[in-house]
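Student: Please take a close look at the ligand site for me. Start with the backbone spots that stand out, then go to the ligand.

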Amino acid sequence: MDLSNRQERIIEIVKEQGPITGENIADQLSLTRATLRPDLAILTMAGYLDARPRVGYFFTGKTGSELLTEKLKKFKVGDFQSIPIVVDENVSVYDAIVNMFLEDVGTIFVTNENAKLTGILSRKDLLRASIGNQDLTSVPVHIIMTRMPNIAYCSAEDLLLDTAQTLIERQIDGVPVVEEKEDGLEVVGRLTKTNVAKALVELGRDEHL
Ligand code: ADP
């Protein structure tokens, strides 16, 4: 259930000052008791507030985490994703390493001649390829990348929570955000642990309920 600004204000007031009479809440919002009545009825019915005769309204407290969960469940990947860094599968490991530094990312996505996703390169993939005597300028990234169909990906409409769970379960730093096309997956974004951390901060810093 979406609360109006006024309803959220009412909850704040009751939370801080409850038990408090309807009259008193109305005064603080410079509204009449009659104007406030529907809002108080909604909040009471929804379980945010409780009312006791001759005592007033008080905050039930039981819905705090429910509200937070509700908000978290509205977070979509698309609201938090970053710009993807993509290279062609024929570029050298050397160039991919340079790219990783220049773009300041930890994960690079690899695409074929149709610009569709074929692989993924992490820091350690590139480090591993750098150990040994091979000439990194002559090894194409498709030799060392993690390739389809083993790639975990998501779409912008997916819940951030579900994608975060994928990161944990697969023990990876990020996933490409893709759009499905006839000839494969088009990479439109990047969702990493950093994006999830940002979402958490946004949720925690939010003054609203
Ligand atoms: P690193 O190991 O460099 O810290 P990751 O934990 O993200 O980075 O990557 C671990 C391994 O998983 C790497 O071999 C990488 O290619 C692979 N990998 C990374 N992201 C994905 C993904 N979205 N789907 C499948 N494999 C991935």
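Tutor: Pro19 lies in the loop between helix H1 (5-17) and helix H2 (22-28). This is a predicted model. In it, the peptide bond from Gly18 to Pro19 is cis, with omega near 0°. Most peptide bonds are trans.

A second cis bond joins Met148 and Pro149. Here omega is about 5°. Pro149 also sits in a loop, the one between strand S6 (146-147) and helix H9 (160-170).

Asp104 stands out by its phi. That angle is positive, about 55°, although Asp104 is not a glycine. Most residues other than glycine have a negative phi. Asp104 belongs to the loop between helix H6 (93-103) and strand S4 (107-111).

Next, the annotation. An unreviewed UniProt entry carries the label "domain: CBS" for residues 80-136 and 145-207. Asp104 falls within residues 80-136 of that record, and Pro149 falls within residues 145-207. Over residues 80-136 the chain is 35% helix and 25% strand. The end C-alpha atoms of this stretch are 34 Å apart.

Now the ligand. Where does the ligand sit? It occupies the largest pocket. There are 15 residues around the ligand. Lys124, Asp125, Thr146, Ala152 and Asp173 come nearest. By class, the shell divides into 5 nonpolar, 5 polar and 5 charged residues.

Which elements build this shell? Strand S5 (117-122), helix H7 (123-130) and strand S7 (174-181) each supply at least two residues. H7 gives the largest share, 3 residues.

The polar contacts add detail. Take Asp125, one of the residues that come nearest to the ligand. An N or O atom in the Asp125 side chain is 2.4 Å from an oxygen atom of the ligand. The side chain of Ser122 also has an N or O atom at 2.9 Å from a ligand oxygen. Gln171 takes part through its backbone: a polar backbone atom of Gln171 is 3.4 Å from an oxygen atom of the ligand. How much of the ligand's accessible area does the protein cover? On its own, the ligand has 560 Å² of accessible area, and the protein covers 84% of it.

Note on methods:
Residues numbered from 1 in each chain as written. Predicted model: local features only at pLDDT ≥ 70, side-chain atom pairs only at ≥ 80, totals over all residues. Heavy atoms only, no water. UniProt positions renumbered as here; feature names shortened; annotations may be inferred. Helix = DSSP H or I, 4+ residues; strand = E, 2+ residues; numbered from the N terminus. Near = heavy atom within 4 Å. Polar contact = N/O pair within 3.5 Å; in protein donor to acceptor, adjacent residues only side chain to side chain. Areas by Shrake-Rupley, 256 points an atom, 1.4 Å probe, with all protein chains shown as cover. 1 Å grid on protein atoms, 1.4 Å probe; cavity = no way out; pocket = protein on both sides within 12 Å on 5 of 7 lines; lining within 4 Å. Sits in = over half its atoms within 2 Å of the grid points. Nonpolar A, V, L, I, M, F, W, Y, C, P; charged D, E, K, R; others polar.
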